[in-house]
Amino acid sequence: MIKFTINDQQVEAREGWTVLETALHHGIHIPTLCHHEAVEPSGACRLCVVELKEGDWSKVVISCMYPAQEGLNVYTETDRVKNIRRWILEMLLAECPASPELAKLAYEYGVDSTRFTIHNPEEDCMLCGLCVRVCKEVVGVSAISTVGRGVNKIVGAPYSKPSEDCVACGSCVTVCP
């Protein structure tokens, strides 16, 4: 077992676990939108940031991708972490202002507006990729993917044509935050 601390609480992790998995196992809340235990982590939403501290040194990492290591000192709610999460929430609110899950998280962090331009006030997809990953990794068919690039990126069938690979299982809808 790997031993380290989260918010000054001693925790143990199994080999191969991430900081986020360890926190979840010990009932420590770290917000995330793109994490689901059925698929591999992707780090898409970046909300799971935590701060690692050692003396005067610190750095911010995403907990869903950072491996649990012996002796880490992890902090989930420092001022630096909260500020980064608010900034990320502002960006996400600009991209998908109609998302109820995102609105709930923004409220928790005191974010009630965004300084970034909202292009589509009805957009509710934050492009976290959970639906794409569950279709590929769990269902095994890759019936949907991200299509386009940059501000034109959306989730859809490859080449924007209905996919014959879709088995109508509903997994993509089930994992969507």
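Colleague: What makes contacts between residues 24 or more positions apart a notable part of the description of this chain?

Modeller: In this predicted model, residues 24 or more positions apart account for 51% of the contacts with a separation of 6 or more. A contact here requires heavy atoms within 4.5 Å.

Colleague: How do you know which elements the chain contains, and in what order do they come?

Modeller: The secondary structure comes to five helices and seven strands. Along the sequence these follow the pattern β-β-α-β-β-β-α-α-α-β-β-α. A run counts as a helix with at least four residues and as a strand with at least two; strand S7, for example, covers 154–156 and is therefore admitted as a strand under that minimum.

Colleague: Why is cysteine 176 called exposed?

Modeller: The relative accessibility of cysteine 176 is 52%. Exposed means over 50%, so cysteine 176 falls in that class. Cysteine 176 is found in the segment after helix H5 (171–175). Its C-alpha atom is separated by 12 Å from that of alanine 38, 138 residues apart along the chain.

Colleague: What share of the chain is called buried, and on what criterion?

Modeller: Buried residues make up 39% of the 177 residues, where buried means under 20% relative accessible area. The accessible surface of the chain comes to about 10400 Å², of which 50% belongs to carbon and sulfur atoms.

Colleague: Which residues of helix H4 are buried, and what do they pack against?

Modeller: In H4 (residues 130–139), the buried residues are Leu130, Cys131, Val132, Arg133, Val134 and Cys135; each of them therefore lies under the 20% limit. These residues pack against strand S6 (145–147), S7 and H5. After H4 comes glycine 140, with a positive phi near 85 degrees.

Colleague: How do you know which residues belong to the lining of the largest pocket?

Modeller: The largest pocket has a volume of about 630 Å³. Of its 24 lining residues, the closest to the centre are Glu95, Cys125, Met126, Leu127 and Lys153. A lining residue must have an atom within 4 Å of a pocket point, so these five residues satisfy that condition.

Colleague: What makes H2 the element with the largest share of that lining?

Modeller: H2 supplies five residues, the largest share. Helix H2 (79–95) and strand S7 each supply at least two.

Colleague: How many charged side chains are there, and where do the centres of the two sets lie?

Modeller: The chain has 16 positive and 23 negative side chains, and the centres of the two sets lie 4 Å apart.

Definitions and conventions: Residues are numbered from 1 along each chain as its sequence is written. This is a predicted model: local features need pLDDT of at least 70, side-chain atom pairs count only at pLDDT 80 or more; totals for chains, interfaces and linings use all residues. Side-chain values use heavy atoms; hydrogens and water are left out. Buried means under 20% relative accessible area, exposed over 50%, partly exposed in between (1.4 Å probe, protein chains only). Accessible areas come from the Shrake-Rupley method with a 1.4 Å probe; for residues, only the protein chains shown count as cover. Lys and Arg count as positive and Asp and Glu as negative; His and the chain ends are not counted. The place of a charge is taken as NZ of Lys, CZ of Arg, CG of Asp or CD of Glu. On a 1 Å grid over the protein atoms alone, a cavity is a set of points where a 1.4 Å probe fits but cannot get out, and a pocket is an open set with protein on both sides within 12 Å along at least five of seven lines; lining residues have an atom within 4 Å of a point. Grid points are joined across faces, edges and corners, and a volume is the space filled by probe spheres set on the points.
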